[in-house]
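Student: I should like to learn how to read the contacts and empty spaces of a protein model. Please show me the model and begin with a single pair of residues.

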Amino acid sequence: MAMEPFLTHSGRTAVLDQPNMDTDRIIPARFLSRVDRTGYGEQLFADVRGPDFPLDRPEAKGASVLVVGENFGCGSSREHAVWAIQQAGFRAVIAQKTERVTGFSDIFRQNATINGLLLVELPPGEHRKLADAGSGAEVSIDLPAQTVLLNGEVMRFDINAATKKALMEGLDLIGSTLQHEEKIAAYERQRGPWIPPRRK
Amino acid sequence: MPRTLFEKVWDQHVVAGLPDGGALIFIDRHLVHEVTSPQAFDGLRAADRRVRRPDLTFATVDHNVPTDGRAVPEDTLSGKQIAALQRNAAEFDIPLWGYLDDNQGIVHIIGPQLGLTLPGLTIVCGDSHTSTHGAFGALAFGIGTTEVEHVLATQTLRFAAKPKTLDVEVSGNLAFGVTAKDLILAIIRRIGVAGGAGFVVEYRGDAIRRLPMSARMTICNMSAEMGARAGMIGPDETTIEYVAAADRPFAPKGTKLKQMCDAWRNLGTDEGATFDSRVQITADGLQPQVSWGTNPAMTVDITSAVPDPKNPAEERAQRYMNIKPGTPMQEMDINTVFIGSCTNSRIEDLREAAMLVNGRRVADGVRALVVPGSEAVRRQAEQEGLDRVFKKAGFEWHHSGCSMCLGMNGDLVRPRQRCASTSNRPYEGRQGPLSRTHLVSPLTAAASALTGHITDPRPLLEDSA
């Protein structure tokens with residue numbers, strides 16, 4: 001399935017500045033019993049919502065850029081977490097990255113990229129400016145230039161080159177991989193694994 | 001050039017380089033379950049693609065199945081999800097161990113048990129605890145649903161970059177009553193919940209070498225809890241003895257097994273190979289561990305107290321858990337005990353717990369469950385009489401599944417109730433809305449069930465001996 005290409009995006013932020021936000025909190029397990037790929041937006045952060053929850057405050061209404069803490073999306077591999085974030089209207093997530101701690105967990109990062117959700121990692125100083133600006137701040141993200149614009153200030157971010165390309169082109173990754181069909185077939189002939197017996 | 005275990009397995013599986021330093025990796029075993037696969041099969045159908053290697057793909061139901069043996073009505077959400085996997089497995093010719101089937105169980109319990117998990121393989125599943133299989137020297141990791149579809153269609157996975165390597169070397173000896181669960185909790189406490197991100201961990205050292213496979217699986221299982229995508233342990237004679245056991249129908253046999261064993265003996269990290277990062281830890285003096293907070297690194301010795309919060313996240317965790325700094329962990333009353341999950345539901349875990357429970361009673365007001373990791377573990381336990389030990393003490397004895405680890409199937413910790421759990425994640429709401437989870441070993445869970453509060457198992461064990 002091809003995803004929507006990501007080039008630039010301007011929108012308002014919702015700030016949820018907590019570290020180690022696990023995917024169980026992003027979408028609790030009891031909402032994973034459906035066989036569909038849509039309809040998860042309503043269930044985003046279902047168990048922690050309420051009048052005081054940052055995403056439920058009036059200033060966060062209509063936000064399309066989610067600003068979070070570090071190691072966001074840790075825990076369960078459920079891709080429903082990415083679907084819920086996108087289906088609640090978000091196009092990008094901005095996390096804090098330090099020398100020691102990553103902005104996003106590994107599996108969440110894979111899931112986001114493959115669905116066209118842009119993940120941006122900023123160092124603590126710049127991340128702090130976004131968090132302090134609070135929900136509702138206007139930001140512009142330019143993926144080709146690798147910049148986030150906030151209040152006239154340009155913040156640069158790093159991104160893996162292959163990830164950037166996949167996001168910008170909205171690649172169908174299965175289709176891209178199948179272009180390697182001959183190499184996969186050659187691997188299977190020459191170096192494929194021992195095949196277990198079929199079930200009796 | 002000397003290479004690590006991870007590098008050897010990685011190198012063997014590179015199908016092609018991808019632009020910008022990425023790689024296309026061949027997948028040897030794809031394990032599928034009901035919750036993260038339906039959308040992947042729908043994607044295949046929509047694009048008119050087939051499952052490339054049904055002979056390397058294996059399915060079971062574990063996450064949402066009831067563990068009380070009741071029928072699942074087809075018109076419920078869970079019933080539809082189970083039925084979808086049945087249809088998909090039939091349509092794409094994938095073997096499926098269905099609900100209450102003799103070989104059904106938690107996917108990470110049945111893979112090793114059936115001989116699907118072997119040293120040197122690449123193994124994926126739409127579940128973060130796929131790292132469990134790394135205990136055999138396999139490169140095993142969790143993937144999301146779109147990647148499940150990618151593996152179904154291509155039998156490969158794309159990596160944007162090669163993971164880094166982290167050497168966790170464990171010396172010393174685990175003391176009486178201190179288990180692999182306590183060791184991995186102590187390692188996570190040390191490394192932190194994000195410290196392993198971007199890394200494949202290899203657990204090495206004397207303390208690891210002495211562990212049986214069940215304990216090694218507990219260790220590798222929780223690699224996910226420090227953010228690592230995979231954890232591995234080099235294969236040795238302990239590994240080979242497990243794989244060569246008679247009751248592994250999907251493992252190689254005879255001369256084929258012998259050839260493969262020779263290769264496995266050379267798979268371990270070479271002398272002089274270097275890692276990107278390194279942590280050393282000793283098992284000497286380690287106490288039983290218990291988590292106090294809402295992530296697995298918020299853990300202390302069972303003999304100590306709730307620590308002072310160091311940051312807003314820890315303050316939030318203490319509010320959620322309804323605990324105060326300075327309260328001794330063992331004074332914490334519990335309502336629920338869960339012995340199960342892909343971390344601690346193997347026969348060895350149940351034997352340990354039963355040894356401590358034998359002849360004693362679950363405390364009044366405590367709901368205690370034992371949920372074997374597979375139907376085969378359940379049968380084995382029943383042959384050994386463990387079910388009777390548990391039931392006589394007042395435990396519930398269940399069929400296999402993920403159950404109360406994530407509370408998808410109706411096995412829930414009730415709101416604001418406190419659970420001593422052998423599972424792997426004490427997250428907010430993980431075991432049910434507003435549930436409060438303390439991660440412990442099977443021994444500590446059993447001891448806590450008997451007293452009604454978090455309890456060091458060692459004094460009770462000495463009385464049992």
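Tutor: Arg198(A) and Asp93(B) form a salt bridge, with their closest N and O atoms 3.2 Å apart. The term requires a side-chain nitrogen of Lys or Arg within 4 Å of a carboxyl oxygen of Asp or Glu. In general, side chains of opposite charge can pair when their charged atoms come close. This is a predicted model, in which local features need pLDDT of at least 70 and side-chain atom pairs count only at pLDDT 80 or more, while totals for chains, interfaces and linings use all residues. Residues are numbered from 1 along each chain as its sequence is written, chains are lettered from A and ligands numbered from 1 in the order in which they are written, and side-chain values use heavy atoms, without hydrogens and water.

Student: How many salt bridges are there between chain A and chain B?

Tutor: Seven salt bridges are counted between the two chains. Chain A and chain B also have 26 residue pairs in polar contact, both residues being at pLDDT 80 or more. A polar contact is a pair of N or O atoms within 3.5 Å; within protein, one must be able to donate a hydrogen and the other to accept it, and residues adjacent in sequence count only if both atoms are side-chain atoms.

Student: Which elements give two or more residues to the side of chain A that touches chain B?

Tutor: They are helix 1 (23-26), helix 2 (80-87), helix 3 (106-115), helix 5 (161-169), helix 6 (173-178) and helix 7 (181-191) of chain A. Helix 7 of chain A provides the largest share, seven residues. Helices (H or I, at least four residues) and strands (E, at least two) are DSSP runs, numbered from the N terminus. By class, this side of chain A has 25 nonpolar, 18 polar and 19 charged residues. Ala, Val, Leu, Ile, Met, Phe, Trp, Tyr, Cys and Pro count as nonpolar, Asp, Glu, Lys and Arg as charged, and the others, Gly among them, as polar.

Student: How many residues does the contact take from each chain?

Tutor: It takes 62 residues from chain A and 78 residues from chain B, contact meaning heavy atoms within 4.5 Å. The two chains bury about 5,700 Å² between them, 56% of it on carbon and sulfur atoms. Buried area is the accessible area (1.4 Å probe) that two parts lose on being put together, summed over both.

Student: Which parts of chain A does the pair of Arg128(A) and Asp17(A) tie together?

Tutor: Arg128(A) forms a salt bridge with Asp17(A), the closest N and O atoms being 2.9 Å apart. Arg128(A) lies in helix 4 (residues 124-133) and Asp17(A) in the loop between strand 1 (8-16) and helix 1 of chain A, so the pair joins parts that are 111 residues apart in sequence.

Student: How many cavities does a search of the whole structure find?

Tutor: Rolling a probe the size of a water molecule over the atoms shows where empty space is left. Here the search finds six cavities of 30 Å³ or more. On a 1 Å grid over the protein atoms alone, a cavity is a set of points where a 1.4 Å probe fits but cannot get out, and a pocket is an open set with protein on both sides within 12 Å along at least five of seven lines; lining residues have an atom within 4 Å of a point. Grid points are joined across faces, edges and corners, and a volume is the space filled by probe spheres set on the points. The largest cavity holds about 200 Å³. Its lining has 23 residues, with His63(B), Asp127(B), His129(B), Leu406(B) and Arg430(B) nearest its centre.

Student: Which helix gives the most to the lining of the second largest pocket?

Tutor: Helix 13 of chain B does, with four residues. This pocket has a volume of about 590 Å³ and is lined by 22 residues.
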